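Open the model in your viewer and keep the selection panel at hand. This tour goes stop by stop, with something to select each time.

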Amino acid sequence: MKILADYHTHTIFSCGNNEKRRHAKGTIEENVLAAIDKGLEVIGISEHGFNHNFYGLSRKNAKREREEIDRLNEKYPQIKILMGMECNILDDTGKIDMPDDMVQYFDYILAGYHYGSKPTSFRSLLHHIDNVLFSGKLFSKDYNTRALIRAMERYDIKYITHPGDKGDIDIERVAEAAVRTNTGLEINGHHDKLSVDMIEAISHMDIKFYIGSDAHKPENIANFKRAYEIVEESGLAPTRVVNLG
Ligand SMILES: [Zn+2]
Ligand SMILES: [Zn+2]
């Protein structure tokens, strides 16, 4: 199978407002060159969302990133470069950190749960704490599941990144909502989610599976090694992964 696209990659613009802090290593152009080198047809740049305490795209850098991607699309016509965002799923209303006035800059939206996104209420803070200390197994499984489902219902999300990572979820309920809302689910080798068990539980459903590298440095662009192992162990036909061809 050939890797057609990698929609989940980060660059130095995931640094937040402090440009000296490096959450990810490569520039956009370095990610693009690595993607060309790997023979991809499409590369997506998907920085972390705006409402995180420690990292993520800043509003100022969103505009700069859009301009840079437009420039690079002209410079490298052999590949299509898209500007995405890996939004944070913030609470169980399904709210994600994509402000209405910023959505115009983006070609697509991914969304996932991360520790350290800014709590929207005392309740959401409590669930963060349960997720950080106990992977959500104490009292947050239902909350985490609802958060993902409602995010898919409220927003046009291309796929959910690393579903169930850092917070326990009911994968069958999430998968049902993914089918109903035409949202993909990611097999992320970096986080081992979806896991083999999860895929086995939902592969009978009409899920759009994606593999994302979650590269935080250019050499990891389209590094799907662990994700391939997960696919193989779960018995999922590789033809069912949307971005393989
Ligand atoms: Zn993530
Ligand atoms: Zn990521």
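What follows is a walk through a predicted model, from a metal site to some single residues.

**Stop 1: the zinc ion (ligand 2)**

Select the zinc ion (ligand 2). Which protein atoms are its donors? They are NE2 of H8, NE2 of H10, OE of E86 and OD of D214. These donors lie 2.1 to 2.3 Å from the ion. Along the chain, their spacing reads H-x1-H-x75-E-x127-D.

Now turn to the angles. The four donor atoms subtend 81 to 170° around the zinc ion (ligand 2), so the arrangement is irregular. For tetrahedral, all angles would have to lie between 85 and 135 degrees.

Add the zinc ion (ligand 1) to the selection. E86 bridges the two zinc ions, ligand 2 and ligand 1. They lie 3.4 Å apart.

Check the histidines next. Are they buried or exposed? H8 is buried, with a relative accessible area of 0%. H10 is buried as well, at 0% relative accessibility.

**Stop 2: the aromatic pairs**

Show the aromatic rings. How many aromatic pairs are there? The count is five. Start with Y7 and Y210, an edge-to-face pair. Their centres are 6.0 Å apart, with 80° between the planes. This pair links distant parts of the chain, 203 residues apart. Y7 sits in the loop between β1 (5-6) and α1 (28-37), while Y210 belongs to strand β7 (residues 208-212). Y7 is buried, at a relative accessible area of 13%. Y210 is buried too, at 6%.

Move on to Y113 and Y115. They also make an edge-to-face pair, 6.4 Å centre to centre and 85° between the planes. Y113 is buried, with a relative accessible area of 13%. Y115 is partly exposed, at 28%.

Then select Y7, Y108, Y159 and Y210 together. Ring pairs link these four into a cluster.

**Stop 3: I187**

Select I187, in strand β6 (residues 184-188). Why does I187 count as buried? Its relative accessible area is 0%, and buried means under 20%. Leaving aside neighbours within four places in sequence, show what I187 is in contact with: the list includes K193, L194, I199, F209, Y210, I211 and G212. A227, I230, V231 and L236 are also among its contacts. Y210 is the residue you met in the pair with Y7.

For a long distance, draw a line from I187 to Q104. The two are 83 residues apart in sequence. Their C-alpha atoms are 27 Å apart in space.

**Stop 4: S203**

Go to S203, in the loop between α6 (196-202) and β7. S203 is partly exposed, with a relative accessible area of 23%. Not counting residues up to four places away in sequence, S203 touches F209, L236 and R240. F209 and L236 are also among the contacts of I187. S203 and R240 are 37 residues apart along the chain. Their C-alpha atoms are separated by 9.4 Å.

**Stop 5: D130**

Finish at D130, in helix α3 (residues 122-134). D130 is buried, yet has no salt bridge. Where is the nearest side chain of opposite charge? That is K137, 9.7 Å away. K137 is nonetheless one of the residues in contact with D130. Beyond neighbours within four places in sequence, the other contacts of D130 are S135, G136, L138, F139 and S140.

Definitions and conventions
Residues are numbered from 1 along each chain as its sequence is written. Chains are lettered from A and ligands numbered from 1 in the order in which they are written. This is a predicted model: local features need pLDDT of at least 70, side-chain atom pairs count only at pLDDT 80 or more; totals for chains, interfaces and linings use all residues. Side-chain values use heavy atoms; hydrogens and water are left out. Donors are N, O and S atoms within 2.8 Å of the metal (3.2 Å for Na, K and Ca); water is not among the atoms, so sites may look incomplete. Four donors count as tetrahedral if all angles lie between 85 and 135 degrees; four count as square planar and six as octahedral if opposite donors are over 155 degrees apart and all others between 65 and 115; anything else is irregular. Buried means under 20% relative accessible area, exposed over 50%, partly exposed in between (1.4 Å probe, protein chains only). Helices (H or I, at least four residues) and strands (E, at least two) are DSSP runs, numbered from the N terminus. Lys and Arg count as positive and Asp and Glu as negative; His and the chain ends are not counted. A salt bridge is a side-chain nitrogen of Lys or Arg within 4 Å of a carboxyl oxygen of Asp or Glu. Contact means heavy atoms within 4.5 Å. Rings of Phe, Tyr and Trp (its six-membered ring) pair if their centres lie within 6.5 Å; planes under 30 degrees apart count as stacked, over 60 as edge-to-face and the rest as tilted.
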